[in-house]
Amino acid sequence: KPFGYTKHVQTVCPYCGVGCTLNLKVVDNKITDVFSTEGNVNDNLLCVKGRFAYDFVSSPDRLTTPLIRKDGVLQEASWEEAISLVAQKLKEAKQEGPQAVAGLSSARCTNEDNYVFQKFIRTVGESNNVDHCARLCHASTVAGLAKSFGSGAMTNSIEEIDVMDVILVSGSNTTETHPVIGAKIKQRKAQGAALIVAEPRKIELANYADVYLQIKPGTNVALFNGLMRAILDAGLEDKTFINERTEGFEAFLEFMDTLTVEKCAEICGVDPEEMRKAGVLYATKDRGGIFYSMGVTQFSTGTDGVMSTANLAMLTGKIGREGCGVNPLRGQNNVQGACDMGALPGDLPGYQKTANPEAVEKFEKAWDAKLPQNTGKTLTEIIDGVGDKTIKFLYVMGENPMVSDPNTNHVKESLENANFIVVQDIFLTETTEYADVVLPAHVYAEKDGTFTNTERRIQLLRKAVDAPGVAKNDWEIIGMIAKEMGVKGFDFNSASEIMEEISSVTPSYTGVSHERLSNGDRIQWPCLSKDSEGAKFLHAGKFTRGLGAFMIADYIPPEDQADDEYPLILMTGRILEHYHTRTMTKRTPGIEAIAGDAFVEINPAKALEYGIAEGDMIHVTSPRGSVSAKTRFNDGIMENNLFMPFHYGDGGANCLTGGAVDPIAKIPPLKVSKVRITK
Ligand code: SF4
């Protein structure tokens, strides 16, 4: 190409689950600018990450060649040498049975990468030990909404915000974590919709709310029960909907009769009259959506919290209609897709269960392979298994558990004790420090493929630039290992070919193809045929499970409660500028200039008590570890609470988190940790 050759390539943002369309301006194989477009989910909007955080693609830090650890140091190697070593170690591990092999897939990789990865772990690794970071964010949504509705996905489309009469946001700092959706909520509020916000921190959306309930951390179940009690007290339940579309209501009502609004409000630490006002406001508007994220899911009672949102929607008949529903906002760009593709221990693609013999038989036929019989381990169980050496071979694709997982001191101990770890990534990360082999992969702008955003919309990525060095597509690398192992079924020539296989085995993706997407078809699953655009909203006329199920969920206090030794409660979360473990966003100088360091938010009155000034370095200690970070004052945080973003490896909040997992979804509690602070 002549010097100065310029092109524009339309693709999808690699950051949050909104899935904004980006137009990349490429000059001489380098992205030099990003523009938004009309139409699509973002309709000309972009946040700071999508608009400016693209420098990482051409960063000199990119991995350009395979690396093998020799004499304790990662050293450059050829693909042949690296693949041969990985295959040899996998063969050795397989001798010990299906529990000795495990893989962590990635919510930032494409559907095609995730499909091939889980197929590899199951058919080449002969194990169901495959999971990804959905276990840390929305495993409770998948479990909870599946119980209530039969399907664990966001029920509405982003565009339906435009017709909602009431919007209830709880457990989501939407303007920071899903900025374009946050902007749409503010826009709809300005047009006259009612807004209810229930959050322990006074987030930006609280400033626009008709009712703001500053609930104590971890009291979501009591919040939703209180709202429902208020609705029942006012006789505002939708009796027709309940009779025609649901089951389990009588038992649910019996349980609700044991509660009062006052009792629920006391647990939440809010005014009962405000709780009543919120419940009545939500119930009396015609069309309403509930939006939540990890402030509901990341608890050992996460599944209960999710089922409570479903109960509230069904009680008022606000589900299965345009502008009515329950909307779990997926954090990472493709966490919905990674789940859809079966990167979960108990689910084959399309949530077809590994415990269902018919599903197993179907996939054995399609893949011409015997599927494993073991009960797959979840992400945190895999980390445990690596540490106690029951897992001998760990394959990590695009994940960084050393920062993202709870109790990182425990993760470190496990990885230090590992038998063999291969990490496939785009940069050296905190996790590659423990890798025996590192394999260089492509980033979003270097590949074709698809992401599925938070509203179930499957969107096409297009290759814009060539990758550095000898880096390869994730699915190509997996195919090379499979070939070395002598296993067929991985000789794909393109991402489009992989999608053909996905659509042949995944009912909700039946009508999806790259050809349709490149022709401009907009598809939201379930897409059951080649001429269908799928479903704008779910559960119209009938829930996925038939009748919607009222599920009883009583409030159970979080395991961590403030005490004399640890008198404060730490919450964790995300900030606008960074994505996940910062491997990509920290390589944009402008982003780093404004959000380069970890911090601890503290109420100024509490800081005064401790003699702490804004910007002072403090130590935060929980029963699991200790970190240091600078203070930031926030008078919108309760006096006994602190907040830290989890993105940072240095000053990592997850050093402090952990505890008993949700018994159903196995999600760990990341939102409530008891801590103490010292200057
Ligand atoms: Fe859109 Fe999310 Fe990307 Fe921001 S991070 S541009 S809101 S997809």
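Strands, such as β21 and β22 here, are DSSP runs of E with at least two residues, numbered from the N terminus. Keep in mind that this is a predicted model.

**Exercise 1.** Find where proline 526 is located, and work out what kind of peptide bond leads into it.

*Solution.* Start with the place: proline 526 lies in the loop between β21 (523-524) and β22 (548-549). Next, look at the bond coming from tryptophan 525: its omega is near 10°, and it is cis. As a rule, most peptide bonds are trans.

**Exercise 2.** Compare the settings of aspartate 28 and asparagine 407: which is buried and which is exposed?

*Solution.* Begin with the backbone. Aspartate 28 has a positive phi of about 50°, and asparagine 407 has a positive phi near 50°. Neither is a glycine. Now place them: aspartate 28 is in the loop between β2 (21-27) and β3 (30-35), while asparagine 407 is in the loop between α18 (401-404) and α19 (408-416). Finally, count neighbours. Aspartate 28 has 12 other C-beta atoms within 10 Å, so it's exposed. Asparagine 407 has 24, so it's buried.

**Exercise 3.** Work out how the axes of α3 and α20 are arranged.

*Solution.* First, the axes of α3 (residues 111-123) and α20 (residues 474-484) come within 8 Å and cross at roughly 20°. Angles under 35 degrees count as roughly parallel, so α3 is roughly parallel to α20. The crossing is left-handed. Then check who touches: Val116, Phe117 and Phe120 are among the α3 residues in the contact, and Trp475 and Ile478 are among those of α20. Sorted by type, the contact residues are six nonpolar, three charged and no polar.

Technical notes: Residues are numbered from 1 along each chain as its sequence is written. This is a predicted model: local features need pLDDT of at least 70, side-chain atom pairs count only at pLDDT 80 or more; totals for chains, interfaces and linings use all residues. Axes are lines fitted to C-alpha atoms, for helices over the stretch in contact, and angles run from 0 to 180 degrees between N-to-C directions. Helices (H or I, at least four residues) and strands (E, at least two) are DSSP runs, numbered from the N terminus. Angles under 35 degrees count as roughly parallel, over 145 as roughly antiparallel, 65 to 115 as roughly perpendicular and the rest as oblique. A crossing is left-handed if the near helix is turned anticlockwise from the far one by less than a right angle, and right-handed if clockwise. Two residues are in contact if their C-beta atoms, placed from the backbone, lie within 7 Å. Ala, Val, Leu, Ile, Met, Phe, Trp, Tyr, Cys and Pro count as nonpolar, Asp, Glu, Lys and Arg as charged, and the others, Gly among them, as polar. A residue is buried if 20 or more other C-beta atoms lie within 10 Å of its own, exposed if 12 or fewer, and partly exposed in between; C-beta atoms are placed from the backbone.
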